[in-house]
Amino acid sequence: MPRPLIPVLAVLIGSVACNGAELPWVLIDDFESDLEHWTIIDAENNTDPHVPDPQVTEIRSDSEAGNHFMLKKPAADGVVGNRKAITIRPLPITVDIGETYTFFTRINVEYFPNNHSFGLANVPGADIASEHYDSFEPMIRITDKLESDGYKNNGTLQVLGGGDMRYSYIVNPASGEPANQMEPGVWYQVWYVVNNATLEEGGQSYDLYVQGGEFETRQLVYEGAKFRMQRELPLTFFMAICNTGPHDAPYGNGGVRYDDIYMARGRTLSSPLQ
């Protein structure tokens, strides 16, 4: 069941500089307070023995850096059967049809094995529990799970590379080959440029840039990824989902740390942290 949410949108922190000039980045969340604007949903809790509210989504701190972040896991280590652990937050600005926005997120893999996805949704909040993965449009995936067809993912960041919900690994542009597995414990900066124009106008797509790990500087690692459902509707939620897998073939409960989620109009490749 969904846990309570106070439906108050965030104040648009940092939208105006001291000299009155408009800054491009609008804060979605930096996790320096609490999770009051987030809704936490365990949409398919098949834990056995039953564990109520098994999802782990909480604020953690890095004492050395003096920073807070959100840790998300499908369940505590050793608990299996929470198949759709969802966390959503309303965007402070709706991305209407025809608009392009850039989203920035810092992510850090706690450990493998795991199965996580995050991105943007465009269905009503009340429908996200039933739509779960199909709530996504732009979607970014982190997993090393074994697929039902026997294919073993390797932990490289993935996007939706085709119009039929096929996943593709991001590519290292220096080699033209798939990028390496994400390094646990390393913070990656991710920019995803989201084109919410109609299909007829060449939209329903996103480009992905990454800095971190093997990428010392920001790199375009995938161009022209496809929205999952291509509904051609306004984008209204940031969404993350993870999954322990089934009891007979668990995926693993490794978590992902999230921090510094921002959005900006247009293709904006500066850093909101500078």
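**Exercise 1. A charged side chain without a partner**

Start in the loop between β4 (67-73) and β5, where Arg83 sits. This is a predicted model. Work out which side chain of opposite charge is nearest to Arg83, and how far away that side chain is.

*Solution.*
- Step 1: list the contacts. Beyond neighbours within four places in sequence, Arg83 touches Glu44, Asn46, Tyr133, Cys242, Asn243, Thr244, Gly245, Pro246 and Tyr251.
- Step 2: pick out the opposite charge. The nearest such side chain is Glu44, at 4.6 Å.
- Step 3: apply the cut-off. A salt bridge needs the side-chain nitrogen within 4 Å of a carboxyl oxygen. Arg83 has no salt bridge, even though Arg83 is buried.

**Exercise 2. Bridges across the sequence**

How many salt bridges does a search of the whole structure find? Then take the Glu99 and Arg265 pair and say which parts of the chain the two residues tie together.

*Solution.*
- Step 1: the search turns up 14 salt bridges.
- Step 2: Glu99 and Arg265 make one, with N to O at 3.2 Å. Glu99 belongs to the loop between β5 (85-95) and β6 (100-109) and Arg265 to strand β17 (residues 256-265), so the bridge ties together parts 166 residues apart in sequence.
- Step 3: check burial. Glu99 has a relative accessible area of 19%, so Glu99 is buried. Arg265 comes out at 55%, so Arg265 is exposed.
- Step 4: try another pair. Arg228 and Asp134 meet at 2.9 Å, N to O. They link distant parts of the chain, 94 residues apart: Arg228 lies in the loop between β15 (215-226) and β16 (235-242), and Asp134 in the loop between α1 (128-131) and β8 (136-143). Arg228 is buried at 12% relative accessibility, while Asp134 is partly exposed at 23%.
- Step 5: add a bridge with both ends buried. Glu147 and Arg141 are both buried, and their closest N and O atoms are 2.9 Å apart. Elsewhere, salt bridges with shared partners join Lys73, Asp77 and Glu110 into one network.

**Exercise 3. Around Val256**

Is Val256 buried or exposed, and which residues is Val256 in contact with?

*Solution.*
- Step 1: locate Val256, which is in strand β17.
- Step 2: its relative accessibility is 0%, so Val256 is buried.
- Step 3: outside the four-place window in sequence, the contacts are Met70, Leu71, Lys72, Ile107, Asn108, Glu110, His116 and Ile142.

**Exercise 4. Empty space**

What is the volume of the largest cavity, and which lining residues are closest to its centre?

*Solution.*
- Step 1: two cavities of 30 Å³ or more are found.
- Step 2: the largest has a volume of about 90 Å³.
- Step 3: 14 residues line that cavity, and Asn180, Met182, Tyr188, Glu214 and Phe215 are the closest to its centre.
- Step 4: sort the lining by character, which gives seven nonpolar, five polar and two charged residues.

**Exercise 5. Backbone oddities**

Where do Pro49 and Pro113 sit, and which residues have a positive phi without being a glycine?

*Solution.*
- Step 1: the Asp48 to Pro49 peptide bond is cis, omega about 5 degrees, and Pro49 lies in the loop between β2 (39-42) and β3 (56-62).
- Step 2: Phe112 to Pro113 is also cis, with omega near 5 degrees. Pro113 is in the loop between β6 and β7 (115-121).
- Step 3: Asp53 has a positive phi of about 45 degrees and lies in the loop between β2 and β3. Asp53 is partly exposed at 43%.
- Step 4: Asp260 has a phi of about 50 degrees. Asp260 is in strand β17 and is buried at 9%.

Conventions. Residues are numbered from 1 along each chain as its sequence is written. This is a predicted model: local features need pLDDT of at least 70, side-chain atom pairs count only at pLDDT 80 or more; totals for chains, interfaces and linings use all residues. Side-chain values use heavy atoms; hydrogens and water are left out. Helices (H or I, at least four residues) and strands (E, at least two) are DSSP runs, numbered from the N terminus. Buried means under 20% relative accessible area, exposed over 50%, partly exposed in between (1.4 Å probe, protein chains only). Lys and Arg count as positive and Asp and Glu as negative; His and the chain ends are not counted. Contact means heavy atoms within 4.5 Å. On a 1 Å grid over the protein atoms alone, a cavity is a set of points where a 1.4 Å probe fits but cannot get out, and a pocket is an open set with protein on both sides within 12 Å along at least five of seven lines; lining residues have an atom within 4 Å of a point. Grid points are joined across faces, edges and corners, and a volume is the space filled by probe spheres set on the points. Ala, Val, Leu, Ile, Met, Phe, Trp, Tyr, Cys and Pro count as nonpolar, Asp, Glu, Lys and Arg as charged, and the others, Gly among them, as polar.
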